[in-house]
Amino acid sequence: MSKEIRLATVNEHNKATDLWVVINNKVYDVTKFRLEHPGGEDSLVDVAGRDATKDFIDVGHSSEAREMLKKYYIGELAAADIKQKSPISCRQVALALGAAFIGITLVYVIRRGVARN
């Protein structure tokens, strides 16, 4: 079983000499990797002690980079600290229904116009 690590603990490891990050709810100690990082040490220090998932994905890391992460894995982010996806809002439902209504109306109008010709 993996060790659960609280986000508050990760936050404490926010220096170049003690550098932890969270990527996809997994915690990594990348302190020893910082000088080898192709993007430079600063790019890791900028995300030290926090969830770096978005930054990691935005850069578009290769499958080799994702494989390298395994070497620095130290545990899972505690369940209590995992951000839950927000449920669908009423606004999103209203927009979807509105779009469906417009689509159905357009199909009806087009078919009716074709039938008259």
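## L19 and its core

In this predicted model, L19 has a broad set of partners: beyond residues up to four places away in sequence, L19 touches H13, Y28, D29, V30, T31, R34, L44, V45 and A48. L19 is also among the residues with the most contacts inside the largest nonpolar core, together with V21, I23, Y28 and V30. That core has 13 residues, and strand β3 (residues 18–23) gives the most to it, with three residues.

Another core lies apart from this one; it has six residues, including V10, V22, V27 and L77.

## A48, a loop residue

Let's turn to one of the partners of L19. A48 sits in the loop between α2 (41–45) and β5 (50–51). Is A48 buried or exposed? A48 counts as buried because its relative accessibility is 11%, and the cut-off for buried is under 20%.

Setting aside neighbours within four places in sequence, A48 is in contact with H13, N14, K15, L19, W20 and V21. As for L77, a member of the six-residue core, its C-alpha atom is 15 Å from that of A48, and 29 residues separate the two along the chain.

## Two domains and a surface patch

The domain assignment gives domain 1 as 4–81 and domain 2 as 85–117. Their centres, taken over C-alpha atoms, are 44 Å apart.

Now for the surface: F101, I102, L106, I110 and V114 form a nonpolar patch there, with about 540 Å² of accessible area together. F101 belongs to helix α5 (residues 90–116). With 57% relative accessibility, F101 counts as exposed.

Key:
Residues are numbered from 1 along each chain as its sequence is written. This is a predicted model: local features need pLDDT of at least 70, side-chain atom pairs count only at pLDDT 80 or more; totals for chains, interfaces and linings use all residues. Side-chain values use heavy atoms; hydrogens and water are left out. Domain bounds come from an automatic or database domain assignment. Helices (H or I, at least four residues) and strands (E, at least two) are DSSP runs, numbered from the N terminus. Buried means under 20% relative accessible area, exposed over 50%, partly exposed in between (1.4 Å probe, protein chains only). Contact means heavy atoms within 4.5 Å. Patches are made of residues with over 30% relative accessible area and no salt bridge: like charges are joined within 9 Å, nonpolar side chains (Val, Leu, Ile, Met, Phe, Trp, Tyr) within 5 Å. Accessible areas come from the Shrake-Rupley method with a 1.4 Å probe; for residues, only the protein chains shown count as cover. A salt bridge is a side-chain nitrogen of Lys or Arg within 4 Å of a carboxyl oxygen of Asp or Glu. A nonpolar core is a set of buried Ala, Val, Leu, Ile, Met, Phe, Trp, Tyr and Cys residues joined through side-chain atoms within 4.5 Å.
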